[in-house]
Amino acid sequence: MKISMKKILAVLTAMLMVCALAGCGGDDTKGNSNNNQQAEGPSAYELYTQAEQKMNDLETAEYNLNIAMNINAEGQSMDMTMGGNMKQVKTGEGDADFDLAFNMNMDMSAMGQGSMDVNMYYTNGYLYYDMGELGQMKAAMDIETAEEQMNTEGMAELEESWIKESSVDGNTIHLLVDGTKMSEYVGVAADSLQGLPEDAMTIGDVTIDLTTDAEGMPTTYRMVLPITVSAEGQTMTMNMDMTMDIVATEGVVIEFPEGMDSWMEVDASQLQ
């Protein structure tokens, strides 16, 4: 059976929820690559990890997210785009005292369909999931699980041994990352789809460009992932270009929909 374009959409949707701007953490073993060592000052990898820590330390932030994808399969080619907004707001003194919001629109005109909205909110120990015409649901969960569901982790966590090339140009850090080190995260998405084995997806070398301000705080984060899916004797290729702009680190306000208390309560497993 050939891989249909509907299957491609299913793969993309699952994959995005797993790896798009997710924290791709590995083991704790650090490599000693000389490729990212600068003549003076911190290396590109050190600057990247410092910027990542600054982002992780933010209590309040707002991000704009844009994803462009080119997909080729069965002699067909199509482009898809996504745009969204993520917010986090500190609500108390505890480490888990945050409100979160994730709102995204997927343009599916290339599939002969309209657009699809995904709206997720976390507040007061509940994840709220607005599925549009399919209804609204909520589930009790801790913030760590909610962050995994909403993919609010921010920049990818990298091991130094993954870096194949690196450079620093002013306030922009450029990294070329071994994509095979990230394949296990894409494999999680593939494994969740009927008919696709865990090793169906592979990632080529990943390009990351990170721009910071004068204090080393990230302002723009771009990741380009070339992805190949092989199954049932067919192959499709995808090039995913994701850009995240940090637009605010203070004064951020989340506007929750009215009537969320009346949304249908389900077990957390149903939102995974």
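A residue is called buried under 20% relative accessible area, exposed over 50%, and partly exposed in between. The model on screen is predicted.

**Stop 1: Gly125**

Select Gly125. With a relative accessibility of 27%, Gly125 falls in the partly exposed class, because that class lies between the 20% and 50% limits. Gly125 sits in the loop that joins β4 (115–123) to β5 (126–130). Now add Ala139, Ala140 and Met141, the residues in contact with Gly125 once neighbours within four places in sequence are set aside. For a distance label, use Gly125 and Ala140: their C-alpha atoms are 5.8 Å apart, with the two positions 15 residues apart in sequence numbering.

**Stop 2: the whole chain**

Zoom out and colour by secondary structure. The chain has four helices and 13 strands. Of its 272 residues, 46% are buried. Contacts between residues at least 6 apart in sequence can be drawn as lines; 62% of them join residues at least 24 apart. With a surface displayed, the accessible area of the chain is about 13,300 Å², and carbon and sulfur atoms account for 44% of that.

**Stop 3: the nonpolar cores**

Hide the surface and show side chains. Nonpolar side chains tend to be buried together in soluble globular proteins. In this model the largest nonpolar core holds 60 residues. Select Tyr48, Leu158, Leu175, Val177, Ile208 and Tyr221, which have the most contacts inside this core. Next select strand β1 (residues 61–73), the element that gives the most to the core, with seven residues. Another core, of nine residues, lies apart from the largest one; Val89, Val252, Ile254 and Trp263 are among its members.

**Stop 4: helix α2**

Select residues 44–56, which form helix α2. Its 13 residues should span 18 Å at 1.5 Å a residue, and the C-alpha atoms at its ends are indeed 18 Å apart. Which residues of α2 are buried? They are Ala44, Tyr45, Tyr48, Ala51, Glu52 and Met55. Turn the view to look down the axis of α2: the buried residues fall within an arc of 125 degrees, so they line one face of the helix. An α-helix has 3.6 residues a turn, so residues three or four places apart point the same way. To see what the buried residues of α2 pack against, show β1, β7 (163–169), β8 (172–177), β10 (206–212), β11 (218–231) and β12 (234–248).

**Stop 5: the salt bridges**

Two salt bridges are counted in the model. Side chains of opposite charge can pair when their charged atoms come close. Select Asp205 and Lys164, whose side chains meet at 3.0 Å, N to O. Asp205 is in the loop between β9 (201–203) and β10, while Lys164 is in strand β7, so this pair links distant parts of the chain, 41 residues apart. Asp205 is partly exposed at 30% relative accessible area, and Lys164 is partly exposed at 38%.

Then select Asp241 and Arg222, with a salt bridge of 2.5 Å, N to O. Asp241 belongs to strand β12 and Arg222 to strand β11, so the pair ties together parts 19 residues apart in sequence. Arg222 is partly exposed, at 36% relative accessibility.

**Stop 6: Phe256**

Finish at Phe256, in the loop between β12 and β13 (264–265). Phe256 is partly exposed, at 28% relative accessibility. Leaving out neighbours within four places in sequence, show its contacts: Asp99, Leu100, Tyr121, Tyr122 and Thr123. Phe256 and Tyr128 are 128 residues apart in sequence, yet 9.9 Å apart from C-alpha to C-alpha.

Notes: Residues numbered from 1 in each chain as written. Predicted model: local features only at pLDDT ≥ 70, side-chain atom pairs only at ≥ 80, totals over all residues. Heavy atoms only, no water. Core = buried A, V, L, I, M, F, W, Y, C linked by side-chain atoms within 4.5 Å. Buried < 20%, exposed > 50% of the residue type's maximum accessible area, 1.4 Å probe, protein only. Helix = DSSP H or I, 4+ residues; strand = E, 2+ residues; numbered from the N terminus. Expected span 1.5 Å × (residues − 1). Arc of directions from axis to C-beta. Contact = heavy atoms within 4.5 Å. Areas by Shrake-Rupley, 256 points an atom, 1.4 Å probe, with all protein chains shown as cover. Salt bridge = Lys/Arg side-chain N within 4 Å of Asp/Glu carboxyl O.
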